[in-house]
Amino acid sequence: MIDNYLLEELVIFAKERTLAKTAAQLNVTQPTVTRGMQKLEDELGVKLFDRQPNRITLTETGELAAKKASQLLQNQQEFIQQLRNFAAHQQVVKIASTAPGPLLILNHYQKDLPFPVELAEDWLSPDQIQSALHNNEFSLVISNQEIQTDQIESRFVGTESLFVNIDKFTYLANSRKVNFNDLAGLSFVVINNIGPWKKVIQDNIPDAKFFYQEGRTALQEITRYSNFPYFSTDITQNLQSAKTADSDRVTLKITDEAATMTFYVNYLKDQEDSLSPLIKKMGQIWERK
């Protein structure tokens, strides 16, 4: 069987036409290229090169061999990529997040993803991200942190914006938008596990009180029978059905910079080729949210 590196030398020589340029492109010495050419001729049993004292050229057989070698190498690469893509489609990719919004999007659009995924039930804390990737607990972790290390890569996936839902009979309901200072001193009912959004509201709304609930069902029950304001995001609003929409509240965008969060998908660099189709599709889906 002929080694690929011999075929690669032949293809590059056919393009560059000189030993010096061929060696430079392959990052080897000219004698190494010369030995490779001789070995290829010996293994094929045909003359590929016309050697003159100061010049070497391809014979007609050599020209044909270079074309066939190029096709063979391309077919081999396509073969490898097809197998990798097929294998990727057979595996279930485990995905985690440090916030609920990204997983809500992926859960809603699972049928549009290029291969099966398994979404984490609980959010990761920021200090768990790197170990979760290195230990192969998850292939992808979405967070509002961009992580760049020797082994981990991050890619922007989308943003999420915070809104507040105010009783329609309050004075703020007449506004088209609000900032955090407008919400100072109010009492809010909030789902307990909202990832980094919890720190955002606690740090930015002066003198506010937060009544935390364990789940969305509990929040909906309380807001149905009270006028407490609560938070939502553009993600949760867009995925909310018309039947569950709250007609007693006015939804206002919070305009502070801290009310918009940027999310990145983090993954191991050595898995980038297999995960790239999924990551690309995630970004496209996020744009539709």
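Glu221 is partly exposed, at a relative accessible area of 36%; the label covers everything between buried (under 20% relative accessible area) and exposed (over 50%), worked out with a 1.4 Å probe on protein chains only. This comes from a predicted model, in which local features need pLDDT of at least 70 and side-chain atom pairs count only at pLDDT 80 or more, while totals for chains, interfaces and linings use all residues. Residues are numbered from 1 along each chain as its sequence is written, and side-chain values use heavy atoms, with hydrogens and water left out.

The side chain of Glu221 pairs up with that of Arg224 in a salt bridge, at 3.4 Å from N to O. A salt bridge here is a side-chain nitrogen of Lys or Arg within 4 Å of a carboxyl oxygen of Asp or Glu. Both residues sit in helix H8 (residues 216-224), three residues apart, or about one turn of the helix. Helices (H or I, at least four residues) and strands (E, at least two) are DSSP runs, numbered from the N terminus. Arg224 counts as exposed because its relative accessible area is 52%.

The Arg224 and Glu221 pair stays within one helix, but the structure holds six salt bridges, and some of them reach further along the chain. One of these joins the side chains of Asp3 and Lys39, at 3.9 Å from N to O. This pair ties together distant parts of the chain: Asp3 belongs to the segment before helix H1 (4-16), Lys39 to helix H3 (residues 30-44), and 36 residues separate them. Asp3 is partly exposed, since its relative accessible area is 35%, and Lys39 is partly exposed as well, at 33%.

Another salt bridge runs between Glu272 and Arg155, with the closest N and O atoms 3.3 Å apart. Here too, distant parts of the chain are linked: Glu272 lies in helix H10 (residues 272-287) and Arg155 in strand S6 (residues 152-167), 117 residues apart. With a relative accessible area of 29%, Glu272 is partly exposed; Arg155, at 26%, is also partly exposed.

Away from the charged pairs, Ser131 is found in helix H6 (residues 129-134). Its side chain reaches the backbone oxygen of Gln128 at 3.1 Å. That falls within the limit for a polar contact, a pair of N or O atoms within 3.5 Å; within protein, one atom must be able to donate a hydrogen and the other to accept it, and residues adjacent in sequence count only if both atoms are side-chain atoms. Ser131 counts as partly exposed because its relative accessibility is 36%.
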